[in-house]
Amino acid sequence: MPLSLADIFDAQKNIAGVATGTPLVPSPFLSDLAGQEFLLKLENMQPIGAFKLRGALNAVMQLPEDTPGVTCCSTGNHGRGVAYAARARGIRAVICMSELVPQAKVDGIRALGGEVRIVGCSQDDALAEAQRLVAEEGLTEISPFDDPAVIAGQGTIGLEMLTARPDLRTLLVPLSGGGLAGGVALAAKSIDPAIRVIGISMDRGAAMHESLAAGHPVEVAEVASLADSLGGGIGMNNQLSFGLCRDHLDATVLVTEEDIYRAMQTLYYEDRIVAEGACVVGIAALQAGKLPALDGPAATVVTGRNLDMDMFTRIVTGQDIQLGDYTVKGRAYGT
Ligand SMILES: *Cc1c(COP(=O)(O)O)cnc(C)c1O
């Protein structure tokens with residue numbers, strides 16, 4: 001494996017003071033429910049509102065002195081991380097998007113100092129533009145999850161958790177492309193091989209779960225989900241994150257949209273935390289009784305807070321949520 005704990009320690013130095021040191025706090029309510037101490041790693045408190053700054057910053061910091069800049073075509077948390085990291089280093093970041101991307105996301109990237117390039121009307125058009133910028137302007141494309149520097153950056157979360165609490169027995173990690181889960185699992189298991197790391201996804205469009213079951217990367221249909229940051233494939237030509245997840249995850253667990261809805265309410269009402277659907281999947285699995293028995297302190301990564309506040313308000317007030325042609329039935333908290 002071309003990545004080791006040493007790379008994660010290096011990443012920690014590269015991103016120190018900008019993207020490190022988020023709190024790891026116990027949740028009394030979830031600890032009661034779990035019958036074990038249950039902790040939350042608050043990556044929602046990152047300056048961009050999500051953990052992706054760690055990987056993006058580690059990748060940007062490793063570029064040569066004379067780099068003309070970076071590009072990517074993520075409209076979500078990775079795009080925000082790349083924009084912020086590039087500004088921290090004083091280089092250009094061009095985030096490519098299609099015309100379909102909502103104005104709020106465009107504004108969000110611009111506010112973080114990113115240049116936004118709007119091209120065509122599909123994600124493929126945006127990707128083609130990013131590739132053109134690589135070929136013609138010498139920008140470096142930063143993958144959201146399948147890049148060694150990105151994975152090492154995300155792995156610093158595992159390092160921080162185990163440094164603060166070496167007694168953790170189980171880590172519950174939201175799982176999409178697997179950069180986060182792969183990096184965290186590599187860090188945690190290098191320090192304590194007996195620790196259990198479980199990857200958690202939504203049951204609609206769980207690309208890594210399906211790929212691990214098949215033994216190779218597979219395509220899944222992408223559908224709207226409350227956990228929108230967990231959508232998308234793992235890449236049919238996956239180089240790193242698939243192998244890391246295959247070798248280091250003890251299990252993967254799937255949760256429903258209803259489980260996610262309830263967990264967003266729980267985290268809000270019990271811990272007063274505003275979190276994306278993608279971040280509460282570990283809590284959703286706990287509440288839904290989908291986790292193996294916990295044998296000691298457990299923790300999950302609250303990965304981000306970048307959500308549509310109108311939708312969030314609907315959820316915490318118990319209203320229905322329409323996801324394409326799927327309706328998540330509303331339910332007031334505690335009923
Ligand atoms: C990207 C992301 C994830 C998943 O990370 P992967 O490395 O793609 O598995 C989870 N939560 C949030 C908020 C994210 O932005």
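User: What makes the approach of Asn77 to the ligand a polar contact?

Analyst: In this predicted model, a polar side-chain atom of Asn77 lies 2.8 Å from an oxygen atom of the ligand. A polar contact asks for a pair of N or O atoms within 3.5 Å, and 2.8 Å satisfies that limit, so the pair of Asn77 and the ligand is called a polar contact.

User: Which backbone atoms lie 2.9 Å from an oxygen atom of the ligand?

Analyst: A backbone N or O atom of Gly179 lies at 2.9 Å from a ligand oxygen, and a polar backbone atom of Leu180 is likewise placed 2.9 Å from an oxygen atom of the ligand. With the cut-off at 3.5 Å, both therefore count as polar contacts.

User: How many residues surround the ligand, and which are the closest?

Analyst: The ligand is surrounded by 15 residues, of which Lys52, Asn77, Ser176, Gly178 and Thr303 are the closest.

User: Why is the pair of Glu43 and Arg54 called a salt bridge?

Analyst: The N to O distance between the side chains of Glu43 and Arg54 is 2.6 Å, and since a salt bridge needs a side-chain nitrogen of Lys or Arg within 4 Å of a carboxyl oxygen of Asp or Glu, the pair qualifies because both the residue types and the distance fit. Side chains of opposite charge can pair when their charged atoms come close.

User: What makes Arg92 and Glu137 a link between distant parts of the chain?

Analyst: Their side chains meet in a salt bridge at 3.1 Å, N to O. Arg92 belongs to strand β4 (residues 92-97), whereas Glu137 belongs to helix α6 (residues 123-137), and the two stand 45 residues apart. The structure holds 19 salt bridges.

User: How do you know that domain 1 and domain 2 touch?

Analyst: The domain assignment gives domain 1 as 5-50 + 148-328 and domain 2 as 52-141, with C-alpha centres 24 Å apart. The contact takes 25 residues from domain 1 and 14 residues from domain 2, and because contact means heavy atoms within 4.5 Å, the two domains do touch. Between them they bury about 1,600 Å², 58% of it on carbon and sulfur atoms. Asn14, Ile48 and Ala149 supply 35% of the area that domain 1 buries against domain 2, more than any other three residues.

User: Which polar and charged pairs cross the interface of domain 1 and domain 2, and how many are there?

Analyst: The rule finds two salt bridges across this interface, and twelve residue pairs in polar contact. On the domain 1 side, α1 (5-15) and α7 (148-164) each supply at least two of the touching residues, and the largest share, eight residues, comes from α7.

Key: Residues numbered from 1 in each chain as written. Predicted model: local features only at pLDDT ≥ 70, side-chain atom pairs only at ≥ 80, totals over all residues. Heavy atoms only, no water. Domains from an automatic or database assignment. Buried area = accessible area lost by both parts, 1.4 Å probe. Polar contact = N/O pair within 3.5 Å; in protein donor to acceptor, adjacent residues only side chain to side chain. Helix = DSSP H or I, 4+ residues; strand = E, 2+ residues; numbered from the N terminus. Near = heavy atom within 4 Å.
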